[in-house]
2 protein chains.
Amino acid sequence: MTGTRGYHHGDLRRALLDVAVTAIEESGPAALSLRELARRAGVSHAAPAHHFGDRAGLFTALAVQGFDSLAEALDGAGGELLDLGVAYVDFAVRHRAHFEVMFQPDLYRADAAEVRAARERAGAALRAGVATLPALPAQPTLPESRPGTAAHPGTADRSADGADRPRDAADRPRDAADRPRDAADRPRDAADRPGGLDGPQGDVLAAWSIVHGFATLWLAGALPAGVGDDPGEAARTVIRRVFIPAPDPN
Amino acid sequence: MTGTRGYHHGDLRRALLDVAVTAIEESGPAALSLRELARRAGVSHAAPAHHFGDRAGLFTALAVQGFDSLAEALDGAGGELLDLGVAYVDFAVRHRAHFEVMFQPDLYRADAAEVRAARERAGAALRAGVATLPALPAQPTLPESRPGTAAHPGTADRSADGADRPRDAADRPRDAADRPRDAADRPRDAADRPGGLDGPQGDVLAAWSIVHGFATLWLAGALPAGVGDDPGEAARTVIRRVFIPAPDPN
DNA sequence: GGCGAATCTTGTCAACGGCAAGATATGGTC
DNA sequence: GACCATATCTTGCCGTTGACAAGATTCGCC
């Protein structure tokens with residue numbers, strides 16, 4: 001049935017995705033060519049198009065696969081915030097190709113239903129873990145609540161509906177329209193209201209930001225020496241340093 | 001002198017960079033075409049090559065410009081950690097095109113001297129600001145230091161300046177073999193040693209990670225609802241929530 | 001055994017990146 | 001003012017790529 005030779009490959013779609021991951025790990029997503037992909041898989045130059053439609057379709061499939069894998073990895077991390085963060089960084093390092101594609105939405109159709117679903121699964125896993133936060137420093141309400149937002153008028157108005165803030169593409173992913181960039185179709189400052197940035201929402205955002213930033217900087221090779229060669233452990237140290245209020249020795 | 005019409009453009013290099021920024025803001029770096037660039041600037045398709053050599057050269061120039069602008073923005077932020085973080089996020093949002101290129105090293109020659117220098121300037125500005133950290137929670141030494149790993153001497157730290165970790169690349173950025181993906185030739189665990197992740201080094205890393213992660217997630221459109229439409233303010237809330245230990249009202 | 005549909009191939013086209021060779025303007029020198 | 005080395009920009013070309021169309025082969029199913 002699933003022979004790998006002959007006119008019908010058997011599982012060409014999966015094979016192409018695997019080859020794509022390898023190629024991306026070698027040279028990055030930008031350098032990925034559908035024809036080179038077909039060449040490596042031993043099929044004709046037009047074979048990939050049948051399974052993915054176009055280049056964006058290939059990246060879309062990779063993104064879905066990536067968000068699903070991430071959700072799985074986070075679900076299996078144990079529920080502790082610390083382990084969750086380490087799992088996140090670990091995923092980024094181990095599945096570098098997927099991770100790079102996932103957070104480069106101009107490469108794929110970020111608004112596709114399957115992408116949204118997979119991303120939501122990963123997001124849920126993340127939120128669930130952050131909910132177990134031992135007890136975030138519970139920052140006392142800050143002295144000056146806020147200088148009065150007026151300070152940053154620049155980015156304020158822009159598009160109210162938010163969906164097409166960034167690049168207004170048409171229907172192609174890389175063209176504008178795709179870039180969700182929602183985030184803007186929501187109330188002005190959510191920070192002060194219940195569920196705002198001062199509550200659990202803020203915890204999630206802070207935790208996600210720090211692990212995502214660490215992973216991204218690591219992958220980009222932007223981190224200076226002295227971090228060590230084990231990103232997972234380094235991340236653990238950093239997360240602990242920031243998030244865990246007291247040693248709680250017992 | 002700098003006439004903009006005629007056989008000689010006057011300042012084509014700058015014009016091309018400006019047009020590139022606009023194009024990238026519209027459709028992302030991946031979609032940028034040298035020919036389209038030339039078309040928009042009203043010059044022949046080979047004109048850009050004279051100034052930048054190739055596509056990677058163009059991105060290299062953008063990266064240098066970006067790191068310089070970032071350094072400038074950070075220097076002008078005032079020295080307070082909070083303002084520094086907000087300035088970082090603000091830069092990412094306002095100079096989206098530059099920021100995206102800067103942290104996508106497979107697009108350009110990340111090991112070029114000018115890039116190293118500009119990146120170092122930005123890094124210095126960042127470190128300088130973090131040094132003013134009011135007094136990071138001053139985490140008491142953590143209970144369990146770490147399961148071990150201290151034994152591995154690993155290869156002595158090669159780049160002390162830490163600028164070229166990521167993709168060593170020969171001279172082209174995107175071809176294979178470029179992606180060093182090394183990360184394995186640095187001292188094993190730097191966390192426990194002086195200057196390790198438990199000291200100021202850790203503060204810098206944590207602060208940088210959180211603002212970088214926030215900015216990246218924002219740009220990728222990955223942030224869920226509730227964040228508001230002003231990334232700078234949202235970042236301020238998140239940073240303060242994590243970093244500032246006590247109100248310190250005085 | 002046969003047929004519709006899925007899978008894969010071959011052929012083609014416009015666009016791109018990169019290179020080479022030529023055209024045109026600029027600035028300095030006598 | 002004439003001259004020339006050089007920087008700047010153009011034209012022309014080649015191999016590769018993404019996308020599409022049309023055809024060939026095989027599979028699932030009745």
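What is the volume of the second largest cavity? About 70 Å³. That's the opening stop on this tour, and keep in mind as you click around that you're looking at a predicted model.

**Stop 1: the second largest cavity**

Stay in chain A and select Leu81(A), Leu84(A), Gly85(A), Leu126(A), Val130(A), Ala207(A), Trp208(A), Ile210(A), Val211(A), Ile239(A) and Phe243(A), which line this cavity. Now colour by helix: H5 (81-94), H7 (113-130), H8 and H9 (231-243) of chain A each put at least two residues into the lining. H8(A) gives the most, with four residues. Switch to colouring by residue class and you'll get 10 nonpolar, one polar and no charged.

**Stop 2: the largest cavity**

Zoom out for a moment: a search of the whole structure turns up eight cavities of 30 Å³ or more. The largest of them has a volume of about 420 Å³. To land in it, select Phe103(A), Gln104(A), Thr216(A), Phe103(B) and Gln104(B), which lie nearest its centre among the 24 lining residues.

Both chains show up here. From chain A, helices H6 (96-102) and H8 (200-220) each supply at least two residues of the lining, and from chain B so do helices H6 (96-102) and H8 (200-219). Try the residue-class colouring again: this lining divides into 12 nonpolar, five polar and seven charged.

**Stop 3: an aromatic pair at Phe103(A)**

Keep Phe103(A) selected and add Phe67(A). Over all chains the structure holds six aromatic pairs. Phe67(A) and Phe103(A) make one of them, edge-to-face, at 5.9 Å centre to centre with 70° between the planes. Trace the backbone from one ring to the other: Phe67(A) sits in helix H4 (residues 55-75) of chain A, Phe103(A) is in the loop between H6 and H7 of chain A, and the pair links distant parts of the chain, 36 residues apart.

**Stop 4: DNA strand C**

Next, bring up DNA strand C and the 23 residues around it; Tyr7(A), Ser44(A), His51(A), Arg35(B) and Arg39(B) come nearest. Of the strand's atoms that come within 4 Å of the protein, sugar and phosphate account for 59%.

Three side chains are worth a click each:

- His45(A): a polar side-chain atom lies 2.8 Å from a base oxygen of DNA strand C.
- Arg35(B): here a polar side-chain atom lies 2.4 Å from a base nitrogen of DNA strand C.
- Arg39(B): an N or O atom of the side chain is 2.5 Å from a phosphate oxygen of DNA strand C.

For the elements behind this surface, pick helix H3 (47-52) of chain A and helix H2 (34-41) of chain B, the ones that give two or more residues to it. By class, the residues near DNA strand C split into nine nonpolar, nine polar and five charged.

**Last stop: residues 33-52 of chain A**

Finally, select residues 33-52 of chain A. An unreviewed UniProt entry annotates this span as "DNA-binding region". Show it as a cartoon: the span is 70% helix and 0% strand, and its end C-alpha atoms lie 13 Å apart.

Notes
Residues numbered from 1 in each chain as written. Chains lettered and ligands numbered in written order. Predicted model: local features only at pLDDT ≥ 70, side-chain atom pairs only at ≥ 80, totals over all residues. Heavy atoms only, no water. 1 Å grid on protein atoms, 1.4 Å probe; cavity = no way out; pocket = protein on both sides within 12 Å on 5 of 7 lines; lining within 4 Å. Points joined across faces, edges and corners; volume = space filled by probe spheres on them. Nonpolar A, V, L, I, M, F, W, Y, C, P; charged D, E, K, R; others polar. Near = heavy atom within 4 Å. Polar contact = N/O pair within 3.5 Å; in protein donor to acceptor, adjacent residues only side chain to side chain. UniProt positions renumbered as here; feature names shortened; annotations may be inferred. Phe/Tyr/Trp six-rings, centres within 6.5 Å; stacked < 30°, edge-to-face > 60°.
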